[in-house]
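Reader: I'm a first-year student and I'd like a close look at just one part of this model. Please pick the part and walk me through what surrounds it.

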Amino acid sequence: PWAGDTVRLDAPPPPPGTPPGIARDLRWRAEEPAVASVSGAGVVTAHRPGAGAIVAWRRVGQTVTPVS
């Protein structure tokens, strides 16, 4: 992606047996916010060239998605 481009990430599946309230409580974090940011809905916006990771987590664990 180029600076200003956006892409929506799919929510990672919750672990089996996760209660519905926890399964819906998905949070996102950009490890390198100068490179890319992420909204609460999982929409990533590129800001400049570089590499980073987008982390999705619930109260039962996290999933890391590398983004370059």
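Author: Let's start with a pair of strands: β2 and β5 run antiparallel to each other, joined over four bridges. Strands here are DSSP runs of E with at least two residues, helices are runs of H or I with at least four, and both are numbered from the N terminus; two strands pair if DSSP finds at least two bridges between them. One bridge links arginine 29 to its partner in β5, valine 55.

A quick word on ground rules: this is a predicted model, so local features need pLDDT of at least 70 and side-chain atom pairs count only at pLDDT 80 or more, while totals for chains, interfaces and linings use all residues. Residues are numbered from 1 along each chain as its sequence is written, and side-chain values use heavy atoms, with hydrogens and water left out.

Back to β5, which is mostly covered, with five of its seven residues buried (buried means under 20% relative accessible area, exposed over 50%, partly exposed in between, with a 1.4 Å probe and protein chains only). So what makes up the largest nonpolar core? Its 10 residues are Leu9, Leu26, Trp28, Ala30, Val35, Ala36, Val38, Val44, Ile54 and Ala56. Two or more of them come from each of β2 (27–30), β3 (36–38) and β5 (52–58). A nonpolar core, by the way, is a set of buried Ala, Val, Leu, Ile, Met, Phe, Trp, Tyr and Cys residues joined through side-chain atoms within 4.5 Å.

Zoom in on valine 38, which sits in β3. Valine 38 counts as buried because its relative accessibility is 18%. Skipping neighbours within four places in sequence, valine 38 is in contact with Trp28, Arg29, Ala30, Val43, Val44 and Ile54 (contact means heavy atoms within 4.5 Å). From valine 38 to arginine 27 you count 11 residues in sequence, and 9.9 Å in space, C-alpha to C-alpha.

Valine 44 is another core member. If you ignore residues up to four places away in sequence, valine 44 touches Asp5, Thr6, Val7, Leu9, Ala36, Ser37, Val38 and Ile54.

Now for the other sheet. β3 and β4 (residues 43–46) pair in the antiparallel sense over three bridges, and serine 37 has threonine 45 as its bridge partner in β4. The open sheet has three strands in the order β1-β4-β3, paired antiparallel. At its edges are β1 (6–8) and β3, each pairing on one side only. From one strand to the next, the twist averages 20° (axes are lines fitted to C-alpha atoms, for helices over the stretch in contact, and angles run from 0 to 180 degrees between N-to-C directions).

Just before β2 comes a loop from α1 (20–24), and aspartate 25 is in it. A polar contact of 2.9 Å joins its side chain to that of arginine 27; the term covers N or O pairs within 3.5 Å where, within protein, one can donate a hydrogen and the other accept it, and residues adjacent in sequence count only if both atoms are side-chain atoms. Leaving out residues up to four places away, aspartate 25 touches Trp57, Arg58 and Arg59.

Stepping back, the chain has one helix and six strands, in the pattern β-α-β-β-β-β-β. Of its 68 residues, 29% count as buried.
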